[in-house]
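Let's take a walk through this structure together. Have the sequence and the 3D view at hand, and follow along one region at a time.

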Amino acid sequence: MEIMSTRQQCKRIYSWVGREKRGILIKSERSVKEMCILVGEFVLVEGENADQPFVAKLLKLYEDGSQEKRAVVQWFSRISEVPLNKRKLLQREVSSQEIFLDKVPGYDTDINVEAIIRNVKVIPLAPEEAVPLRSHRKQIFFVKESWDGKCFKPLSPGLLSELKEEKKKKPESLSPSTDCQVFPLDFICSLKVETDRVTRSAMKTKNSQMEIESRHSSSKSSLSKERHSQRVANGIHTPGARKKLELNSPTKSKSKLTGCDVLELLSDDCDALEALEPSANKRKVTFTQILGSPPKISRTKDEPDSPQNNGGDWPKIVETIRISPYRRGQGSSLKAKNLGEKDDDTRHFNGRNEEEETEERARESRKRTKQAITSTSSCKSDTNLAEEEVLKTRSPVMTPRSHRKCVQKTTARIAEQLHFLNTSVPDEEDNYLPSTDSSDSSSSEEEESVVPCTPKRKIRSSVTLSTPKSLRKPSDTTPAKTTRKAPEPRTPKTPRNATPRIPIRKQATENPDNVLEEARLRLHVSAIPDSLPCREEEFQDIYNFVESKLIDGTGGCMYISGVPGTGKTATVHEVIRCLQQAAENDKLPSFQFIEINGMKLTDPRQAYVQILQLLTGQKVTAAHAAVLLAKLFCTPGPKRKTTVLIVDELDLLWTRKQDVMYNLFDWPSQKQAKLIILAIANTMDLPERIMMNRVASRLGLTRMSFQPYTYKQLQQIISSRLNHIKAFEEDAIQLVSRKVAALSGDARRCLDICRRSTEICEFSSQKTASQLVSMAHVMKAIDEMFSSPYINSIRNASLHEQMFLKAIIAEFRRSGLEEATVQQIYHQHVALCRIEGLQIPTVSEIMAVCSRLGACRFLLVESNNKYLHVRVRLNVSQDDVMYALKQE
Amino acid sequence: MSKRKSKETSSATEECISQVQRIFRERFCHQCPSGKLFGLELQYKHLLELLKRTTIHGESNSALIIGPRGSGKTMLLNHVLKELMEIKQVRENLLQVHLNGLLQTNDKIALKEITRQLQMENVVGDKVFNPDTPQPRHLHCLPSPRAQLLGEGPVQTLGYMFYPPKIQGLRVGNILMLGLDSCASFLQGSFAENLSFLLEALKKGDRENSCPVLFILDEFDLFVHHKNQTLLYNLFDISQSAQTPVTIIGLTCRQDILELLEKRVKSRFSHRQIYLMNSFDFKQYLKIFKEQLYLPAEFSDKTFTQKWNKNVQSLSEDKTVQDVLRNHFHCSKDLRSLHMLLMLALSSITVSHPFMTGADLLEASKLCRMDSKANIVHGLSVLEICLIIAMKHLNDVYEGEPFNFQMVYNEFQKFIQRKAHSMYNFEKPVVMKAFEHLLQLELIKPVDGPSVRAQREYQLMKLLLDNSQIMDALQVYPNCPTDVKQWATSSLSWL
């Protein structure tokens, strides 16, 4: 993220590496730092979401006719890019760091080089490997499966090895290119030879061990490299870290150690593995001298006790190395370790089988290396596989080192542990437990310097340190350890990924146990029917519209109108569902579907926020969202899918300047936007009525109007929903449909009436077995829903209330006006009471009567304290009142 | 011996009387759900079935309970909820959200209240609340620091002042929490965030798995006036889509409520309306009267109960009582006003007067029917009465046109000069003072607002009393001079 921000601020210069465009050098204007990205490396590509750039592998670089630098990439998808419904296919939790080899057709793999942000580390994993838990702020990705838009497949072994191959190859292929800028070639050659020698000598002693490690390290190498490059950003890459490192690697350095420091230590560490022989020592020294590394200095600064480490306290360093990961993400580091172990084990087991394959790979890579580097001597050797690989991982330009001495000591210990690991391979627990422990202990020690830690831990750690042997006896310690660390809950929900939820009910819902209940369930508006009858034409029209735009890869708007309850939203959703299905079956290019609803926004401008959030998951303010969206839709971007946006209740997005509507309808007309908008509203002439000309013109003339349902259609809808459940008499359905069609044509109303009639039927015919909704029931339901309540309530009003209404009418007749004051009505009222021979109410009582009638809205009463002079109007028609009162 | 006996019996009746008073106070003043429902069986059944289906089958519904004030809407709902809560499945699953249009005056407040009542507030906004510190469910279980904070604050004291602690945590909780919200502001996040948060939460649910949520919107008509009817639209939309099962019950007294709903909102509303009409006649009213006065069978003193109930029975057959009740019934049918009447009548019950009589009821009815303005007139001075009579004459002459002080004064002068024998001729400032007193009592009212600055003597006024009220008041006015009375009754004032 820091990178992103700086990126926004300063301009960057892109230039080729080498004439044959083997890579690209990114130089930011402000800082002197350079970043070198080579073909075959993984890169982050600027996407719509600044927080989540795309991941891709750089395949090719070229320059097009207009001197524009272009790149061909192989995309990778984050889990967030996979449609929600497809994520289920994975049937597991996917960490945000896992990515998928993107085989979805239809993405433009040709991007502008300037979209590349930086390189990134991607670690291929075999299908059986687990993805380490998230532990880094800096991005490291793991690729394990491929995603082709329909399903996830594990990476084929060939592909996997290819990916890994790339990684191994990289250091070598890379080094020369960087060399040409930084180092004299011959120097590197000599270095290589040196390395070779050293390694080989190390090999001899630790041959079998190395074999395992080396395979392993290949995957890791890129990690350390990447991190290093992030730091140094000058194209000098750290060679592979070793097994031990791996355990610690998914570390986040919240501690005093920066990630880089750890890395350096780690890389040292791995070297140290081999450095059991004295010669190794020598070699390292050379390296340090060569590089005269600045990180060293920083390291010393960071870790104050390192300088004193000359003599005996090497374990401390080891600890610090491992510790920092542990501290950061307790659970995760453990997992990572676990993973590493497992990885190791499986490799070990499969070692024999893979032998051939690896050999092949090695040969291939050797070939490539030869092509790339003519000057290296490493390829010449026909050493065994392991050696070969070791060499590859070890790039001539080594990481700058620090803590030489302590590292050496560390080596011994690590080697010891490694040895142990190898010997006890079959028992997984055995393997990882010691390392866990040691990391644990070390962590606490580290904490001493950084954070005060619980005394308990310290005690434990000291114990562990003093009795290293006990560590290797996993049987007793394992359960405790695992329970303590493994189920470590994730950090408390942050608002962004907070998943608010209504609590889950304790008892299951009961299923309908008779025909009527079943019918009621199906007739509920929320029940999603298998098909939408009576809207076939509209469906087809919308489908065709969206489909054609999808195929063309263009954008467009469609305006859909219709009175409430005519199935607009349902039809559009159905269209989207079908399109999604088609996209799944590869008949259509895949697209992104988002929906906003004007009624669900608190403010028209919130539309921007919602769209952006649905599109990219970012949460920003409305103004910022508008800017981001404009940028997103108005500038060409890589890997852009078509977006289908449904804007429901469009009229609510109206603002005085109409900027929201304007933008919404302007974006689809942008060439790059690939935005299809389906706008839904109630009124047919909304564009003419409320929109400015420029907005209406952008909306275009693709319109569709949903007519209210006719009674036949309503009938069909009910019967299709009932789907042969015999709960209604035919006539009853017809009655409902005709009634509703005559009133509004609102399908919701129709279904509600049907539902209510089933209730009435159930209620009335509790004894009789034949539960069939008849005309009578339907009539009653309709009456309940549509009959005006006024007449009935007037009839049930008290005598004086009725009299007051009569008095009002009398007063109206007398004055010829439709308005009267309470005083006037009171006089009429008194007169009426005299005629009827009733007790004459007091003014207070009359006022109470008046306000009661006003509260029920039979009357419209002025609401101020004029007492007798309050003006009163009737809110019911005089005829209704007369009708209601006459009946008595 | 006999003395002691009488003492014992008197203490026993004392005990009885205080119990009786307690019982009736509870019955009439608190809307306790243990009371009886009258004539609402159908509605009761409808609502009960509706809510049962929501909770047991997870069916979404919406309904409005419409009826005039005092017709028992809330009581009906409370009865239904009480019965529902006796079902274990309902009790464990149903979530309730009570909103009141008078409290949640806009959607923002309503949303906050909903999230609070659904206890989702600890993830609202940008702050994640530490799950370790309990959020207050009801006020009485507030965590100590906050409670202390509150205890000192005005809000809490307010609560204690007006409401007995017993009900404080329940309905009054709303008010207090509102105050709490504003002062502690533990709900962060904008309105938009809250809305999308709530919608997301509700959307995630489904029929089978989520707890059904019951939204009760009291004073439903006030929610209609919220901007765009956003809350109503969304609630009804949820009730019409396959999301968390919800039931929305609105309580309102407005008969025209459906016309107030926006067309989209209206379409989403299921159009279930439960009308409460007070649809009983006088016979039933009389029965209700008896039911309300009967002592329960579990009353401690059986003989007293018997006597009391017999008395009630005889009362209901008494002619004067029936007349009183009929008049009351004609005026208003709602039971709340009956309660008021009975409350007044029952307050005369003492040890020496242990049983209610027809006279008590008559007295109470008089109190109920009392005309408030006419009562004020009783307390006026003769000069003020004279001014009112002058105004009355002016009203008669000018047919209700407004008058000013000068006109009234002239009218009064005419009376003094020609007719008055007993009246002293007050000076003009004194009359002015009397006039202003009438203004303060709101027996007269300026036609224009107070902003219009005319000279005081010429400010136009209107009389807020009807002629009949004035005449009635004069009838009972103590020591009214005869000439003043005559002046009042004479239609031609200047003669």
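**Two chains and their salt bridges**

At 28% relative accessibility, Glu819(A) counts as partly exposed, a class that lies between buried (under 20% relative accessible area) and exposed (over 50%), taken with a 1.4 Å probe and the protein chains only. The model you are looking at is predicted, so local features need pLDDT of at least 70 and side-chain atom pairs count only at pLDDT 80 or more, while totals for chains, interfaces and linings use all residues. Residues are numbered from 1 along each chain as its sequence is written, chains are lettered from A and ligands numbered from 1 in the order in which they are written, and side-chain values use heavy atoms, with hydrogens and water left out.

Stay with Glu819(A) for a moment. Its side chain meets that of Arg871(A) in a salt bridge, 3.3 Å from N to O; the term stands for a side-chain nitrogen of Lys or Arg within 4 Å of a carboxyl oxygen of Asp or Glu. Arg871(A) lies in strand β19 (residues 871-874) of chain A and Glu819(A) in the loop between α30 and β17 (820-821) of chain A, so the pair ties together parts that are 52 residues apart in sequence. Helices (H or I, at least four residues) and strands (E, at least two) are DSSP runs, numbered from the N terminus. Like its partner, Arg871(A) is partly exposed, with a relative accessible area of 35%.

Now compare another pair in chain A. Arg852(A) and Glu801(A) form a salt bridge whose closest N and O atoms are 2.7 Å apart. This pair also links distant parts of the chain, with Arg852(A) in helix α32 and Glu801(A) in helix α30, 51 residues apart. Here both Arg852(A) and Glu801(A) are buried. Over all chains, the count comes to 41 salt bridges.

Next, turn to the place where the chains meet. In all, 81 residues of chain A are in contact with 94 residues of chain B, contact meaning heavy atoms within 4.5 Å. The area buried between the two chains is about 7,600 Å², and carbon and sulfur atoms give 52% of it; buried area is the accessible area (1.4 Å probe) that two parts lose on being put together, summed over both. Nine salt bridges are counted between chain A and chain B. Glu845(A) and Arg369(B) form a salt bridge too, with their closest N and O atoms 3.1 Å apart.

Across this interface there are 39 residue pairs in polar contact, both residues at pLDDT 80 or more. A polar contact is a pair of N or O atoms within 3.5 Å; within protein, one must be able to donate a hydrogen and the other to accept it, and residues adjacent in sequence count only if both atoms are side-chain atoms. Which elements of chain A give two or more residues to the side that touches chain B? They are α17 (515-523), α20 (606-616), α27 (747-764), α28 (775-786), α29 (789-795), α30 (799-815), α31 (822-836) and α32 (843-855). The largest share, seven residues, comes from α27(A).

One of these elements, α20(A), is mostly covered, with nine of its 11 residues buried. Among the buried ones are Tyr608(A), Val609(A), Ile611(A) and Leu612(A). Their cover includes β13 (591-597), α21 (622-634), β14 (642-648) and α22 (659-666) of chain A, together with α10 (191-204) of chain B. After α20(A) comes Gly617(A), whose phi is positive, near 85°.

Finally, cross over to chain B, which has 25 helices and seven strands. Of its 495 residues, 53% are buried. Look for Gln273(B) in strand β5 (residues 273-275) of chain B. Is Gln273(B) buried or exposed? At 7% relative accessibility, Gln273(B) counts as buried. A polar atom of its side chain lies 3.3 Å from the backbone oxygen of Met785(A), and the side chain of Gln273(B) also makes a polar contact with the side chain of Tyr275(B), at 2.7 Å. Not counting residues up to four places away in sequence, Gln273(B) touches Glu784(A), Met785(A), Leu64(B), Ile66(B) and Leu258(B).
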